[in-house]
Amino acid sequence: MIKRTLGEKVFNVINIFIMLLVVTVTLYPFLYVLMASFSSANEFMSHRGLLIKPLGFTLDSYKFVMKNSMIFIGFKNTLIVLITRLALGLLLTVIGAYFMSLKTAKLSKVFSIGVVITMFFSGGLIPNYLNVKSFGIDNSLLALILPVAINTFNMIITRNAIDAIPDGLSEAAMIDGAGHTRVLFSIIVPMIIPTLAVITLYYSVETWNSWFTAMIYLRKKSLYPLQLVLREILIMNSVGNIANGGDNEAIAETVQYAVMMVATVPILVVYPFLQKYFVKGVMVGAVKG
Amino acid sequence: MQKSKVSSQNFIKSWKTDLRRNGEIYLVALPVILFFILFHYKSMYGVIIAFKNFSPTKGIMGSEWVGFKYFIQFFKDDYFLRLMKNTLTISLATLLFSFPVPIIFALLLNELKSKAFSRGVQLVAYLPHFISLIVICGLISKFTSADGIVTNILAFFGMDKVSYLNYPQYFVPIYVISDIWQEAGWNSIIYLAALTGVDPQLYEAASIDGAGKFKQTIHVTLPGITPTIVVMLILRIGSLLNVGYEKIILLYNPITYETADVISTYVYRYGILDGSWSYSTAIGLFNSVINFILLIAANKISRKYSESSLW
């Protein structure tokens, strides 16, 4: 008996140790980026190995980032896409979810089946691409909004939330003469606010992080969303441009880290407060998916 | 005669009632219906260009049929075997290493005594999932470059000081390890949810029977979450040939095509970049068909040997 509890104690200590290791390995890369972005370029270049504090605190890298107009254009475009897509996407998602949940309407069953089919079958990359092009919306921000206006998974989550509301409520309203639109926006929507919060977050993160569609549809650089600007700076290494005629390779290095921080800070700031809603969304999707 | 007239009258009448009652929502939902038709079904219809010699000037209807020409061309492609090998290697490596980690992580989290500590660990562990792939891949390429921090740490353990992304043999490990780093925490949520569903009385009964913590895990906890594991496994197997192109496009370069080029990236290069529309669509379709067959097979096998399945 005593031996087993001893074993358990040892296990608990090891377990806590493993968890601390997980936390360190997950967080350290972010801390490294943070410290590197505040480091002096030359000191950072000659440094090897782990950082435990910024090497000579300076804001030079951030000054370079602020001077770069592409970053601002990227932020602006991302915000335009984000706001438009949220407005359009939420509206269509809620309407579609309500339509799916109607048991009495003849067409809603056909619609539901049609929607579920799209979760299993899709045209694939090339037919999707040609399809979007066929509407002539490539090389415009609409290409980042319209084809992805509704995420089917989010619509199903919303339908599940609507299904959980007792039918009596909307029936009573209908007997009193309210139409479907009135029922949806005055009765249903106020009752599913928590779910709407979750899918708003999903749409936001998805839009904020998306880059591939922008890369294949947009040719004009003035339309680039933030992530595509980041790709040019971080992946294609066109740092020379950002360091303003910078032959200074050293500056380029720390500027890249500063760029990563600038692009990630919005997420890092809201994440701790919203984490529980994200998790909730997974749970809802998993239980009823 | 009389009867069918009555039933057709009933039919019309029932539709009339339905339209009177639900016409409003049909009208309001029209944009949603149009969205699915225009952006899902119309693009599904576009798949038939895999069997045609598609040219944008002639359109889908106007292009002539060529049957299975492009599928045969793919099987004879010099890169066919390499693509299949790379796709399966990356996919199986992910299955073997990335799949079990969230399960183990969830089990360990579940054993933590302090709930506050557990919540803190989860808060941190889910974070990388929300960081954009561009930033993650930027980090990977910086950290594994010749003077990057990971390279320096590895050099300390006697490995070469080189830019790891330029060596084909390191591509799969980099891909899988970074995948675990980014997604393992987030993927554990579903198992944590399953763990809360295990009946606490089972643990009491097991401990009365003399089972220690370890035995309880093996005989109570694991069987409790097995249905979830099986469903996740079926879904994984059903997407065995789906190695996402986004991360690979950001990480590979012509030097590492040898191990990094997979079916989806090949489709991207030949379709979007080269404009071989029909050929790349045929490859994509082949990929989806294989995936679909795998999904059905996995589900069937699972139904036969366990109680969990997708349908």
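Let us start at a single residue: A:Ile126 sits in helix H6 of chain A, which covers residues 125-134. Keep in mind from here on that this is a predicted model. A:Ile126 counts as buried because 30 other C-beta atoms lie within 10 Å, and the cut-off for being buried is 20 or more. Who are its partners across the chain boundary? Leaving aside residues up to four places away in sequence, A:Ile126 touches B:Val267, B:Gly271, B:Trp277, B:Ser280, B:Thr281 and B:Gly284. Following this one side chain therefore takes us from chain A to chain B, as those contacts are with residues of chain B.

Now widen the view to the meeting of the two chains. Chain A brings 67 residues to the contact, and chain B brings 60. On the chain A side, the biggest contribution is made by helix H1, residues 2-37, which supplies 13 residues. What is the chemical make-up of this side of chain A? Sorted by class, its residues are 42 nonpolar, 20 polar and 5 charged.

With the contact in mind, look at chain A as a whole. Its secondary structure consists of 14 helices and 0 strands, so reading along the sequence you meet one α after another in the pattern α-α-α-α-α-α-α-α-α-α-α-α-α-α. The C-alpha trace of chain A spans about 75 × 75 × 35 Å along its principal axes. Its radius of gyration is 25 Å, whereas a compact globule of 289 residues would have one near 19 Å. Of those 289 residues, 35% count as buried. If you take the contacts in chain A between residues at least 6 apart in sequence, 70% of them join residues at least 24 apart.

How is chain A divided into domains? The domain assignment gives domain 1, made of 2-67 + 237-288, and domain 2, made of 69-221. Taken over C-alpha atoms, the centres of domain 1 and domain 2 of chain A are separated by 32 Å. Where these two domains of chain A touch, 10 residues come from domain 1 and 8 residues from domain 2. On the domain 1 side, helix H14 of chain A (residues 249-288) provides the largest share, with 9 residues. The residues on that side of domain 1 of chain A divide into 6 nonpolar, 2 polar and 2 charged.

One helix of chain A is worth a pause on the way. Helix H10 of chain A runs over residues 193-209, 17 residues in total, and reaches 24 Å from its first C-alpha to its last, close to the 24 Å expected at 1.5 Å a residue. Which of its residues are buried? Among them are A:Thr195, A:Val198, A:Ile199, A:Tyr203, A:Thr207 and A:Asn209.

Finally, turn to chain B, the partner we met through A:Ile126. Chain B has 17 helices and 0 strands. Its radius of gyration is 26 Å, well over the 19 Å that the globule rule gives for 311 residues, so chain B is more spread out than a compact globule. Along its principal axes, the C-alpha trace of chain B spans about 85 × 60 × 40 Å. Buried residues account for 32% of the 311 residues in chain B. Among contacts in chain B between residues at least 6 apart in sequence, 64% link residues at least 24 apart.

Terms used. Residues are numbered from 1 along each chain as its sequence is written. Chains are lettered from A and ligands numbered from 1 in the order in which they are written. This is a predicted model: local features need pLDDT of at least 70, side-chain atom pairs count only at pLDDT 80 or more; totals for chains, interfaces and linings use all residues. Helices (H or I, at least four residues) and strands (E, at least two) are DSSP runs, numbered from the N terminus. The radius of gyration is taken over C-alpha atoms; the globule rule is 2.2 Å times the number of residues to the power 0.38. A residue is buried if 20 or more other C-beta atoms lie within 10 Å of its own, exposed if 12 or fewer, and partly exposed in between; C-beta atoms are placed from the backbone. Two residues are in contact if their C-beta atoms, placed from the backbone, lie within 7 Å. Domain bounds come from an automatic or database domain assignment. Ala, Val, Leu, Ile, Met, Phe, Trp, Tyr, Cys and Pro count as nonpolar, Asp, Glu, Lys and Arg as charged, and the others, Gly among them, as polar. The expected span of a helix is 1.5 Å times one less than its number of residues.
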